[in-house]
Amino acid sequence: ETFGADRALTTAITQPLYAFGRIGAGLASAHAQAQVAERRAGEARQDIAVRVLELYGQFAGLTRQIAVLTGDIDRHLALEAMIHRRVEAGVSAPVDLNLVQTRLNQSRVSRIGLAGRLRAVTTALSELVGVALTEASIHVDAGAREQLADPRFRAIGATSTPPTQCSLSG
């Protein structure tokens with residue numbers, strides 16, 4: 001094109017007649033690299049999905065352990081009250097009360113440790129799913145046969161039929 005009497009713009013595209021296969025090889029290499037990147041992304045999605053399932057399993061197990069310990073603590077509190085009455089009545093030795101209180105404290109400490117692990121699992125699950133979760137927003141239903149139907153799990157490719165119900169809210 002000409003832009004006035006003294007200016008001109010000339011463009012040309014050149015391509016060698018024979019590049020000894022460099023162009024074709026470059027295209028094939030780029031295509032192979034794209035396939036490798038796609039597979040790595042798929043592996044990453046699968047790794048995240050597996051990690052989410054592992055964490056959910058830990059969450060379900062910890063929830064059940066805490067429930068068992070809570071029942072244990074309730075039974076020990078009732079036993080403590082009974083032994084306390086027996087000690088006051090002179091029927092049982094004070095060492096019996098000490099033993100019950102020791103076992104009660106052990107159960108409380110165990111429950112505190114499990115609660116800390118549960119918080120850590122909930123935080124890790126939140127990070128993987130990308131949603132701020134709380135322990136109350138993750139539901140475990142041990143009596144149902146189900147799938148991980150929550151869209152946040154499907155978004156990372158998680159599909160399964162685990163032995164417990166999993167759903168998220170929040």
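## The overall layout

The protein chain contains three helices and two strands; both kinds of element are DSSP runs numbered from the N terminus, with helices (H or I) needing at least four residues and strands (E) at least two. Follow the sequence along and you will meet them in the pattern α-α-β-α-β.

Before going further, keep in mind that this is a predicted model, where local features need pLDDT of at least 70 and side-chain atom pairs count only at pLDDT 80 or more, while totals for chains, interfaces and linings use all residues. Residues are numbered from 1 along each chain as its sequence is written, and side-chain values use heavy atoms, leaving out hydrogens and water.

## Surface and contacts

Of the 170 residues in the protein chain, 25% are buried. Here, buried means under 20% relative accessible area, exposed means over 50%, and partly exposed lies in between (1.4 Å probe, protein chains only). The accessible surface of the chain is about 11600 Å², and carbon and sulfur atoms account for 57% of that area; such areas come from the Shrake-Rupley method with a 1.4 Å probe, and for residues only the protein chains shown count as cover.

Now for contacts, meaning heavy atoms within 4.5 Å. Among contacts between residues at least 6 apart in sequence, 58% join residues at least 24 apart.

## A salt bridge within helix H1

How many salt bridges are there? The count comes to three, where a salt bridge is a side-chain nitrogen of Lys or Arg within 4 Å of a carboxyl oxygen of Asp or Glu.

One of them pairs Glu54 with Arg51, whose closest N and O atoms are 3.6 Å apart. Both residues sit in helix H1 (residues 22-89), three residues apart, or about one turn of the helix. Glu54 counts as partly exposed because its relative accessibility is 43%, and Arg51 is partly exposed too, at 35%.

## A network around Asp72

Which residues are linked in a network of salt bridges? They are Asp72, Arg75 and Arg103. Asp72 pairs with Arg75, with the closest N and O atoms 3.3 Å apart. These two are also three residues apart in helix H1, so about one helical turn separates them.

Asp72 also forms a salt bridge with Arg103, the closest N and O atoms being 3.6 Å apart. This pair links distant parts of the chain: Asp72 belongs to helix H1 and Arg103 to helix H2 (residues 94-129), 31 residues apart.

Is each partner buried or exposed? Asp72 is buried, at 18% relative accessible area, whereas Arg75 counts as exposed at 53%. Arg103, at 34%, is partly exposed.
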